Amino acid sequence: MGLKTSTFNQPKKKGDSSTLDNFFKKEILFFGSSFNSKKKEQFYTELSVLLNSGIRLKDALYLISESQKKKEDALFFKKLRDHIIAGDDFSKVLMGQKEFTRYEEHSIRIGEQSGTLTSVSSSLSDFYKRKNEQRRNIVSALTYPAIVLGTAMLAVIFMLQFVVPMFKDTFRQNNVELPAITKAVIAVSEGVGNYGWIFLLLLLTFLIVQRSLNKKAFYCRQRDLFLLKIPFLGLFVKVSNIARFTQAVSLLINAKVSIPQSIKLAKEMIDFVPIEDALNNVEQDLIKGESLSKCLSKHSIFDSKMVALVRVAEQTNKTEFVFQRLNEQYNQEVLRRSKQFSTVLEPLIILVVGIIVAVILIAMYLPMFELGNVLK
């Protein structure tokens, strides 16, 4: 997004309204909302800059819509502006759009009521900035291992599909007695040739079905519990979600939201069942009058470091400051663990693939000794 400062009161082009309505009626999104985290970061950053410059909200939305390169994005922001012009509160407008979460809607409402919409927009920008940085770190850590794994799998499939059959025909023509390991490799090769397309079909079906299962609570629960048990990956997923939780709570407390309400809204930003379950119980215990540190200490998903610092925050009335520091620490840990995960995964993939290739080569060359005796 780039800001384009021009006059605000531009004449409305004929057909804009119908075009806008048609767009929002016909748009079909196969891979989630087009208004993703990256766009949200840009939107809230530009909104906070414009509001801080003294520009009114409706005019800020107009400038943002005019700066869009894609027609769909421009129409989206124009629709928001039309609601504001009609007299709706900004928070109410966001509540009516599926692209925005309750966390954003509640934060904006607090900003409107307290006159701190500029700082709230800046805080939301910071939230999505860190969220995007976390995603980039994860993608960066997994990209190279994924390329290595994909290349290695193609190499193994090539050997099974083309190299092994050549040896098999040679052995069959010369009536060579094959050892068990060679028979096993040849059987795998024949299986890949005969049933490989079935495997690909099952894999494609699984990916399609998984998208539907991701909306089912029972599947998400079993998936997340399974992830926690995987060495390295489980701890990495846990830390990254705790980092998101601490950031959400920090921003909500900064917006003068109460602790119980902050926990409730932060829970909606976490897409990880073990933490969601823990926060459900924390929320109920807070309502009963227990302290936040005591509530967190009941759940092993929250480590002792967090509990200790939250207890100190309650005693010194520095909850916002402590959650900011916790978020910084967990973000650093996410970055460190992503690099560690990548460092461990790369040699592991190379080792496993090396063993597979070695087994294939040994299986193919063992009968060559017997073939030499046959030829003599």
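How many cavities of 30 Å³ or more does a search of the whole structure find? The search finds 3. I will come back to one of them. Please keep in mind that this is a predicted model.

Let me start with the chain as a whole. The chain has 15 helices and 0 strands. It runs to 376 residues, and 39% of them are buried. If you take the contacts with a separation of 6 or more, 67% are between residues 24 or more positions apart. The chain exposes about 21500 Å², and 60% of that comes from carbon and sulfur atoms.

Now one helix, H2, which covers residues 37-52. H2 has 16 residues, and from its first C-alpha to its last it reaches 22 Å. At 1.5 Å a residue, 22 Å is expected, and the value for H2 is close to that. Which residues of H2 are buried? Among them are Phe-43, Tyr-44, Leu-47, Leu-50 and Leu-51. The buried set also includes Lys-39, Lys-40, Glu-41 and Glu-46, and those four count as charged. The cover over the buried residues of H2 includes helix H3 (57-66), helix H4 (71-85), helix H5 (90-95), helix H6 (102-114) and H7.

Next, the largest pocket. It holds about 1400 Å³ of space. Its lining has 37 residues, and the closest to the pocket centre are Lys-131, Arg-135, Arg-244, Met-269 and Asp-271. Five helices give two or more residues each to this lining: H2, H7, H9 (217-229), H10 and H11 (259-269). So H2 appears here again. By class, the lining is made of 14 nonpolar, 9 polar and 14 charged residues.

Back to the cavities, and to the second largest. How much space lies in it? About 40 Å³. Its lining is Arg-130, Lys-131, Gln-134, Ala-243, Arg-244, Gln-247, Asn-327 and Asn-331. Which helices supply at least two residues each of that lining? They are H7 (117-173), H10 (233-254) and H15 (319-375). The lining divides into 1 nonpolar, 4 polar and 3 charged residues. The nonpolar one is Ala-243.

Two residue names may sound familiar. Lys-131 and Arg-244 line the second largest cavity, and both are also listed with the residues closest to the centre of the largest pocket. On the helix side, H7 and H10 contribute to the cavity lining and to the pocket lining.

That is the end of my part.

Methods. Residues numbered from 1 in each chain as written. Predicted model: local features only at pLDDT ≥ 70, side-chain atom pairs only at ≥ 80, totals over all residues. Heavy atoms only, no water. 1 Å grid on protein atoms, 1.4 Å probe; cavity = no way out; pocket = protein on both sides within 12 Å on 5 of 7 lines; lining within 4 Å. Points joined across faces, edges and corners; volume = space filled by probe spheres on them. Helix = DSSP H or I, 4+ residues; strand = E, 2+ residues; numbered from the N terminus. Buried < 20%, exposed > 50% of the residue type's maximum accessible area, 1.4 Å probe, protein only. Contact = heavy atoms within 4.5 Å. Areas by Shrake-Rupley, 256 points an atom, 1.4 Å probe, with all protein chains shown as cover. Expected span 1.5 Å × (residues − 1).
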